[in-house]
Amino acid sequence: MPSGLTPDSRRVSIPPCSGELIEMRPGQLLTIIDDEGGQVVDFFAESATDPHEVLSSGVTIDCNESLRLHRGHTLYSDRYRPMFDLIEDTVGEHDLLHPCCRPEMYDHFYGNGAGHPSCLENINTALGRARSAITPVNLFMHTVVRPDLTISVEEPVSRAGDHVTLRARMPLRVALAACSVTESRCNSGRSTSITAVLTTPPEAAG
Ligand SMILES: [Zn+2]
């Protein structure tokens with residue numbers, strides 16, 4: 001479990017196949033915990049002052065010069081401004097390539113999109129938007145890029161209690177979704193809960 005749980009911490013439990021909004025001030029810390037292990041978290045954010053500025057996995061790949069996300073990396077907006085610093089990571093295996101799951105994806109692969117919960121809907125609902133597509137940062141998602149550049153999605157390597165901690169670099173509205181895919185190895189064949197803990201260090205208070 002993350003250290004630093006203080007009276008200034010706020011803990012939010014996010015049930016399987018659902019999403020949540022968390023607002024952050026610069027300097028606040030958000031710890032995202034895989035409660036049971038093997039669960040992907042679709043992580044997305046918009047600027048609290050301009051919802052047209054959003055988290056960009058592509059710009060994050062560009063600026064970090066890496067398809068992988070490591071502790072010490074920064075997550076960037078589509079305007080090449082720092083949104084978050086990744087300051088703690090007990091897993092080291094995340095995905096920057098895949099879009100949010102959506103009904104059409106379920107139809108494409110499994111023929112069951114009608115009425116299926118999805119990260120696109122859960123994130124749009126959390127933020128109160130109707131974005132037509134979102135490519136989030138897929139925390140704990142285990143995508144293998146083979147030498148011939150084909151890819152496969154494998155079971156996450158995260159175990160119960162594994163977590164990442166991100167520090168906000170600007171005022172943010174953050175949406176988290178416990179990914180709804182139960183049809184593949186993406187979430188180990190099931191969807192389970194996640195927990196988010198928002199912490200305010202003394203330097204970010206006020
Ligand atoms: Zn999903």
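Reader: Which residues form a nonpolar patch on the surface, and how much accessible area do they have together?

Author: L67, L97, V145, L149 and I151 form that patch, with about 450 Å² of accessible area together. A patch is made of residues with over 30% relative accessible area and no salt bridge, where nonpolar side chains (Val, Leu, Ile, Met, Phe, Trp, Tyr) are joined within 5 Å and like charges within 9 Å. Accessible areas come from the Shrake-Rupley method with a 1.4 Å probe, and for residues only the protein chains shown count as cover. Before we go on: this is a predicted model, with local features needing pLDDT of at least 70 and side-chain atom pairs counting only at pLDDT 80 or more, while totals for chains, interfaces and linings use all residues. Residues are numbered from 1 along each chain as its sequence is written, and side-chain values use heavy atoms, leaving out hydrogens and water.

Reader: Where does L97 lie, and is L97 buried or partly exposed?

Author: Buried means under 20% relative accessible area, exposed means over 50%, and partly exposed is in between (1.4 Å probe, protein chains only). L97 has 37% relative accessibility, so it counts as partly exposed. You'll find L97 in the loop between β6 (82-89) and α2 (103-110). Those names follow DSSP runs numbered from the N terminus: helices are H or I with at least four residues, strands are E with at least two.

Reader: What about L149, which is also in the patch?

Author: L149 sits in the turn of a hairpin formed by β8 and β9, with five residues between the strands, and has a positive phi of about 75 degrees. For pairing, the rule is that DSSP finds at least two bridges between two strands. Here β8 (residues 142-145) and β9 (residues 151-154) pair over four bridges in the antiparallel sense. As one example, V144 stands opposite S152 in β9.

Reader: How do I read the sheet that holds β2, and which strands are at its edges?

Author: Here's a handy idea: in a regular strand the side chains alternate between the two faces of the sheet. In this case four strands form an open sheet, ordered β2-β11-β4-β7, with antiparallel pairing. At the edges are β2 (19-24) and β7 (137-139), each pairing on one side only. Neighbouring strands of this sheet are turned by 25 degrees against each other on average, direction ignored. β2 and β11 (residues 172-178) run antiparallel and are joined by six bridges, and I22 stands opposite V174 in β11.

Reader: Which helix lies across β2, β4 and β11, and at what angle to β11?

Author: Angles here run from 0 to 180 degrees between N-to-C directions, using axes fitted as lines to C-alpha atoms, for helices over the stretch in contact. The helix is α3 (residues 119-127), which lies across β2, β4 (41-47) and β11 and runs at about 145 degrees to β11. Seven of the nine residues of α3 are buried, so the helix is largely enclosed by the rest of the structure. The buried ones are C119, L120, N122, I123, N124, A126 and L127, and they pack against β2, β4 and β11; contact means heavy atoms within 4.5 Å. After α3 comes G128, with a positive phi near 70 degrees.

Reader: What is the strand order in the sheet of six strands?

Author: That open sheet is ordered β1-β12-β3-β10-β6-β5, again with antiparallel pairing. Its edge strands are β1 (10-14) and β5 (74-76), each pairing on one side only. Inside it, β3 (residues 29-34) and β10 (residues 163-168) run antiparallel, joined by five bridges, and I33 has H163 as its bridge partner in β10.

Reader: How many salt bridges does the structure hold?

Author: A salt bridge is a side-chain nitrogen of Lys or Arg within 4 Å of a carboxyl oxygen of Asp or Glu. There are twelve in this structure. One of them joins E23 and R173, with the closest N and O atoms 3.9 Å apart. E23 lies in β2 and R173 in β11, so the pair ties together parts 150 residues apart in sequence. R173 is buried, with a relative accessible area of 16%. E23 and R173 also belong to a network of salt bridges with E46, R129 and R131.

Reader: Where do the residues of the D85 and R169 pair lie?

Author: The side chains of D85 and R169 meet in a salt bridge (2.9 Å, N to O). D85 is in strand β6 and R169 in the loop between β10 and β11, so the pair ties together parts that are 84 residues apart in sequence. D85 counts as buried at 13% relative accessibility, whereas R169 is partly exposed at 41%.
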